Amino acid sequence: MTTTVESHPTRTGRSVPLSVTISAWAVPVMIVGQFALVSGVPVVIALAGSLRHVHDRAVRRAATLVAATFAVPLVVWLTRPDGAPSLSKDMHPAFAGLIIAASAAHLLTLHRARRRLPAQ
């Protein structure tokens, strides 16, 4: 009588870098926490990491959507002469909702890419 052991293939690397995942989670948390200007840092990290390291087109498009929805209120705040002292106070709540929705879409595509793509 012989016994066979089924081994599951081990992952040698990540299909999605951890920095991209953490940054993608940090964006909506910072927007809700009224740190909109500081959330530009994780937006840039998530965009650069998604474009450079993730090969799924949906992830790249979602990261670009997050960056675009963040850029609109930032440009409005920077160009307005009578703007509020912070981006969080100047941003319309609809823009905050759009950024959070785009971030949720980015997180969903990252999750799908992590499950679907083989480790590299």
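Which residue's side chain meets that of R112 in a salt bridge? In this predicted model, the partner is D56, with N and O 3.0 Å apart. R112 belongs to helix α5, while D56 sits in the loop between α2 and α3, so the salt bridge ties together parts of the chain that are 56 residues apart in sequence. The two ends of the pair differ in accessibility. D56 has a relative accessibility of 11% and therefore counts as buried, because the cut-off for buried is under 20%. R112 has a relative accessible area of 32%, which makes R112 partly exposed.

The count of salt bridges comes to 2. The other pair is D90 with R80, whose closest N and O atoms are 3.0 Å apart. D90 is in helix α4 (residues 87-90) and R80 in the loop between α3 and α4, with their positions 10 residues apart in sequence. D90, at a relative accessible area of 15%, is buried. R80, at 37%, is partly exposed.

Helix α5 (residues 93-116) also holds R115. Is R115 buried or exposed? Its relative accessibility is 69%, so R115 counts as exposed. R115 is 100 residues away from S15 in sequence, yet their C-alpha atoms are 8.7 Å apart in space.

The next topic is helix packing. Two packed helices are described by the angle between their axes and the distance between the axes. For helix α1 (residues 18-32) and helix α2 (residues 40-53), the axes come within 8 Å and cross at roughly 145 degrees. The crossing is left-handed. On the α1 side, the contact is made by S19, V20, S23, A24, A26, V27 and M30. On the α2 side, the contributing residues are P42, V43, I45, A46, G49 and S50. Sorted by class, this contact comprises 9 nonpolar and 4 polar residues, with no charged ones.

Helix α3 (residues 57-79) allows a check on helix length. How far apart should its ends be? With 23 residues at 1.5 Å a residue, the expected span is 33 Å, because the multiplier is one less than the number of residues. The end C-alpha atoms of α3 are 32 Å apart, which agrees with that expectation. The buried residues of α3 are V59, A62, A63, V66, A67, T69, F70, P73 and W77.

Notes
Residues numbered from 1 in each chain as written. Predicted model: local features only at pLDDT ≥ 70, side-chain atom pairs only at ≥ 80, totals over all residues. Heavy atoms only, no water. Axes fitted to C-alpha atoms, helices over the stretch in contact; angles between N-to-C directions. Helix = DSSP H or I, 4+ residues; strand = E, 2+ residues; numbered from the N terminus. Left-handed = near helix turned anticlockwise from the far one by under 90°. Contact = heavy atoms within 4.5 Å. Nonpolar A, V, L, I, M, F, W, Y, C, P; charged D, E, K, R; others polar. Buried < 20%, exposed > 50% of the residue type's maximum accessible area, 1.4 Å probe, protein only. Salt bridge = Lys/Arg side-chain N within 4 Å of Asp/Glu carboxyl O.
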